[in-house]
Amino acid sequence: MAVFRRDSLVTRQLLRFVLLHTAWEVGSGQVRYSVPEESKHGTFVGRLAQDLGLEVAELVSRMFRMVSKGRRDYFEVNVQTGVLFVNSRIDREELCGQSPLCAIDLEVIVDKPLRIFHVEVEIQDINDNAPVFSINELNLSISESRLPGSRFPLEGASDADIGTNSLLTYKLSASEHFSLDVQKKNDKSKSAELMLRKALDREEIPLHNLLLTATDGGKPELTGTVQLVITVLDVNDNAPVFGQSVYEVSLTENTTVGELVIKLNATDLDEGINKDIAYSFNTLIVPEVKDMFSIDSHTGEIRIKGELDFEGTKLYEIQVQATDEGHAPMVGHCKILVEVLDMNDNAPELAVTSLSLPVPEDAPPGTVVALISVSDRDSGDNGKVTCSIPPNLPFQLVSTFKNYHSLVLAEAVDRERVSEYKILVTARDEGAPSLSASSSILVPIADVNDNAPAFPQPVYRVFVKENNPPGAHLFTVSASDPDLRENAFVSYSVVERSVGEQPLSSYISVHSESGHIYALQPFDYEELQVLQFQVSARDAGFPSLCGNVTVHLFVLDENDNAPAVSPAGSGRGSPGPELVPLSAGEGHVVGKIRAVDADSGYNAWLRYEVQEPRAAGPFRVGVYSGEISTTRALEEADGPSQRLVILVKDHGDPALSATATVSLSLVESPQAVKWDSRQRGGSEGPLVDMNVSLMIAICSVSGLFVLVIVVYVGLRCHPGPEVMCGPGKATVVCASEVGSWSYSQRQSRNLCVGEGTAKNDLMVFSPNFPNFAPNGEKEKQQELTPNSSGQVSSNRGF
């Protein structure tokens with residue numbers, strides 16, 4: 001094996017010698033070296049002068065010099081010895097990325113006579129980068145119902161090296177439930193998948209911790225790891241399944257935004273919500289894929305979101321997951337490989353380096369004027385470039401190496417005849433259709449209007465209080481233009497549109513020079529909360545360019561609306577005083593005030609209170625509920641009636657308020673009074689007889705006995721001219737009992753009292769269950785409502 005290597009080395013040296021000799025004979029002067037990356041300063045590269053056939057003693061006298069094309073000075077030549085050595089640190093990954101061939105082109109120039117040599121130094125890769133995972137810990141959720149053989153895609157590691165140094169192998173820590181399967185697809189993609197070997201049991205092992213290790217092929221080997229944390233789920237036993245695990249799609253790089261890439265379809269054998277599927281990108285997908293593609297969660301359609309560029313990325317790997325909507329969602333995975341096909345969408349690029357400018361008129365033919373390098377980011381015929389200049393000029397282009405040219409003097413020039421030549425260098429590729437680029441030498445560049453006015457931010461948010469005065473200054477926008485003179489003069493205008501039935505210009509205006517935005521009318525928060533419009537900035541160039549900015553004008557609420565008491569929903573009769581049984585105890589709810597405020601926030605937050613607390617007697621009102629209730633048990637000394645003035649006010653600054661007046665009548669018997677079904681007009685309806693079941697209970701508090709006497713008495717009510725009686729049962733109970741009632745929005749009731757004098761030690765109230773109207777419907781609750789005078793009364797059923 002050693003003899004074979006030595007023979008191979010000798011063969012390569014002989015081949016290099018032959019190639020160097022041939023290059024010397026034809027005058028190309030091309031030499032090729034190689035050096036490992038990360039070589040230290042002073043590392044020997046080659047005997048450059050000797051390999052080029054130059055005498056070391058003549059290097060200084062012949063003005064030996066070396067030019068690096070567009071790179072840093074990675075190499076230097078010792079003019080005393082003619083040795084090429086490393087001048088600064090070289091990082092191959094920083095220099096060439098993942099390109100399989102990485103080389104630095106050098107040009108060596110000597111005078112007397114003038115000769116140009118091209119030197120290519122290949123940078124060899126070393127294993128100086130370990131595999132790296134994008135995350136340190138990957139959390140996976142796997143249902144215990146997944147069958148052995150199920151696969152779960154894992155994000156592979158990346159290695160900045162190339163060749164064998166970047167060939168990765170994966171290893172999974174020992175596990176009886178999981179194994180690792182590495183797949184390779186057409187040498188384009190290599191991915192690792194976690195495969196379930198043994199059925200999971202959440203009750204036995206709810207959590208699995210595994211370690212995935214990636215090892216490269218370099219010497220010595222370098223490794224990277226990621227922790228796999230697998231949570232076993234306990235529900236939903238069928239995951240969505242795609243038609244195939246890998247889809248391959250080819251798209252040209254000029255595919256328009258919004259174009260359909262592929263429509264995925266996954267199926268789930270479950271039923272109900274467990275069968276409903278939502279499509280999404282895998283959480284581990286790289287940001288470049290999210291920026292380039294979008295997926296419809298319902299249809300599974302993947303569409304182009306950004307602009308494809310073959311020169312930027314040739315292959316996209318999209319990990320898609322289908323998730324069902326079960327209580328413990330299960331996920332199915334697939335991979336889409338999108339190959340981007342090259343189009344001739346990149347024009348050639350020229351770089352001109354002047355060496356001998358200006359050129360004296362006595363300069364001999366062959367004088368080098370400039371060095372020109374051309375390149376094209378496309379591939380194949382689209383990347384082949386030819387360079388030319390117009391005819392009938394005393395100059396010519398000489399190809400020196402690959403896409404490098406020298407502009408040399410072809411014949412003598414006469415300054416008095418032509419003082420300056422404007423040479424247009426044109427580079428054209430061989431694509432179909434072909435693209436070209438040109439560059440002028442000694443042609444001053446004049447300003448053109450190539451920059452549109454730009455605002456410092458795309459959206460402005462402006463807040464203004466309602467009821468602003470017309471003509472008020474709201475905000476100022478300002479755009480800048482980097483051009484010169486009239487190309488940078490900016491004027492402002494509003495992009496007209498309709499706001500409802502009115503034009504935008506009826507609301508706001510903008511000063512054309514200062515950019516000040518003014519309100520043309522007061523804003524009303526209750527009518528308009530947000531006004532969105534665009535301001536355009538246009539320069540004075542020709543043709544003029546413009547830029548737009550969006551302005552969101554938010555109208556802020558002010559406390560300009562007083563509370564309003566809500567009207568009743570009933571259309572029957574006219575409201576009268578509220579009847580309250582004397583048997584009502586502490587906390588008994590009498591009624592409720594309902595009010596609204598057209599404002600918002602604190603300006604619409606209402607507070608209820610009695611306007612004259614001393615006159616409230618045994619009643620109070622809920623601060624925020626508006627409920628009127630008793631503060632203690634009622635007594636005959638409280639009088640036959642009470643009149644409360646309720647103050648309703650908001651929390652605005654300053655606060656606005658309204659008042660509601662409630663009349664309360666205290667009665668001894670809480671027998672229900674039913675209104676006639678017809679509207680109460682100038683005369684009262686017919687009276688209705690009422691049978692009353694009276695139960696007298698004498699309650700003993702000693703606990704020794706309870707004596708209950710039940711007497712059935714048939715009574716007929718004799719109401720007065722203003723009272724109506726209705727059917728119902730009254731219950732006489734111990735004085736410690738407490739009655740209750742509910743509100744009604746449709747019926748208004750008064751109480752009628754039977755014959756005889758009421759007993760002071762007994763209380764009469766309706767049982768705490770719903771009353772029924774003759775048609776069988778339950779009575780609806782009634783809110784306190786304002787009467788025609790603005791005061792508030794309540795319609796209530798007991």
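The questions and answers below cover strand pairing, burial and salt bridges in a predicted model.

Residues are numbered from 1 along each chain as its sequence is written. In this predicted model, local features need pLDDT of at least 70 and side-chain atom pairs count only at pLDDT 80 or more, while totals for chains, interfaces and linings use all residues, and side-chain values use heavy atoms, with hydrogens and water left out.

User: How many residues of strand β22 are buried?

Analyst: Strands are DSSP runs (E, at least two residues), numbered from the N terminus. Buried means under 20% relative accessible area, exposed means over 50%, and partly exposed lies in between (1.4 Å probe, protein chains only). Strand β22 spans residues 315–324 and is mostly covered. Of its 10 residues, the buried ones number eight.

User: In which sense do β22 and strand β23 pair, and over how many bridges?

Analyst: Two strands pair if DSSP finds at least two bridges between them. Strand β23 covers residues 331–341, and β22 and β23 form a hairpin with six residues between them. One of the bridges sets leucine 315 against glutamate 339 in β23. The pairing is antiparallel, over nine bridges.

User: Which residue in β22 stands opposite isoleucine 277?

Analyst: Strand β19 is made up of residues 277–281. Its pairing with β22 is antiparallel, over five bridges. Opposite isoleucine 277, in β22, stands aspartate 324.

User: Which strands are at the edges of the open sheet that has the order β8-β14-β13-β10?

Analyst: Strands of a sheet pair through backbone hydrogen bonds, either parallel or antiparallel. Four strands form this open sheet, and the pairing is mixed. An edge strand here pairs on one side only. The edge strands are β8 (137–143) and β10 (169–172).

User: What is the bridge partner of lysine 171 in β13?

Analyst: Strand β13 consists of residues 207–215. Four bridges join β10 to β13, and the two strands run antiparallel. In β13, the partner of lysine 171 is threonine 213.

User: How many salt bridges does a search of the whole structure find?

Analyst: A salt bridge is a side-chain nitrogen of Lys or Arg within 4 Å of a carboxyl oxygen of Asp or Glu. Among those found is the pair of arginine 151 and glutamate 193, at 3.3 Å from N to O. The search of the whole structure gives a total of 11.

User: How far apart in sequence are the parts that arginine 32 and glutamate 120 tie together?

Analyst: The two residues form a salt bridge, with the closest N and O atoms 1.9 Å apart. Arginine 32 lies in strand β1 (residues 30–36) and glutamate 120 in strand β7 (residues 115–124), so the pair ties together parts whose separation in sequence is 88 residues.

User: Is glutamate 120 buried or exposed?

Analyst: Its partner arginine 32 counts as partly exposed, because its relative accessibility is 36%. The relative accessible area of glutamate 120 is 7%, so glutamate 120 is buried.

User: Which residues are joined into one network by salt bridges that share partners?

Analyst: The side chain of arginine 32 also meets that of glutamate 122 in a salt bridge (2.8 Å, N to O). This pair links strand β1 to strand β7, with arginine 32 and glutamate 122 lying 90 residues apart. Glutamate 122 has a relative accessible area of 23% and is therefore partly exposed. The network joins Arg32, Glu120 and Glu122.
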